[in-house]
Amino acid sequence: MDDYAKQNAWPTFVKIDIEGAEVQALIGAKGLLESEKAPVLLITAHSSQLEKEVKDILLQAGYKITDFPHMIHALPPRMHMV
């Protein structure tokens, strides 16, 4: 995702539902997640272990997390929860 963001319009919202490869996608988005312009994320996690790993990555990047059934809504540090 970092390479994509460098070569295209910077994303403001990203939905991730890639059947178990969410952690790998977030690892490939380290620069994007830690940027001042980090996007809002909506992520589907397909197991409790995967959900924990995804949340750990997002919390490390400063995201604020809201849980929905089987989904993680994550706001970047610059945004406030309503």
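This is a short dialogue on reading the sheet, the core and the largest pocket of a predicted model.

Student: What should I know before I start?
Tutor: In this predicted model, local features need pLDDT of at least 70 and side-chain atom pairs count only at pLDDT 80 or more, while totals for chains, interfaces and linings use all residues. Residues are numbered from 1 along each chain as its sequence is written, and side-chain values use heavy atoms, with hydrogens and water left out.

Student: What is the strand order in the open sheet?
Tutor: Strands of a sheet pair through backbone hydrogen bonds, either parallel or antiparallel. Here four strands (DSSP E runs of at least two residues, numbered from the N terminus; a pair needs at least two bridges) form an open sheet in the order 1-2-4-3, with mixed pairing. Strand 1 (13–16) and strand 3 (64–68) are at the edges with a single partner strand each, so one side of each has no neighbour in the sheet.

Student: In which sense do strand 1 and strand 2 pair?
Tutor: Strand 1 pairs with strand 2 (residues 40–44) in the parallel sense, over four bridges. Phe13 is opposite Val40 of strand 2.

Student: How many residues has the largest nonpolar core?
Tutor: A nonpolar core is a set of buried (under 20% relative accessible area, 1.4 Å probe, protein chains only) Ala, Val, Leu, Ile, Met, Phe, Trp, Tyr and Cys residues joined through side-chain atoms within 4.5 Å. The largest has 20 residues, and Leu26, Leu33 and Tyr63 are among those with the most contacts inside it. Helix 4 (48–60; helices are DSSP H or I runs of at least four residues) gives the largest share, four residues.

Methods. Buried means under 20% relative accessible area, exposed over 50%, partly exposed in between (1.4 Å probe, protein chains only).
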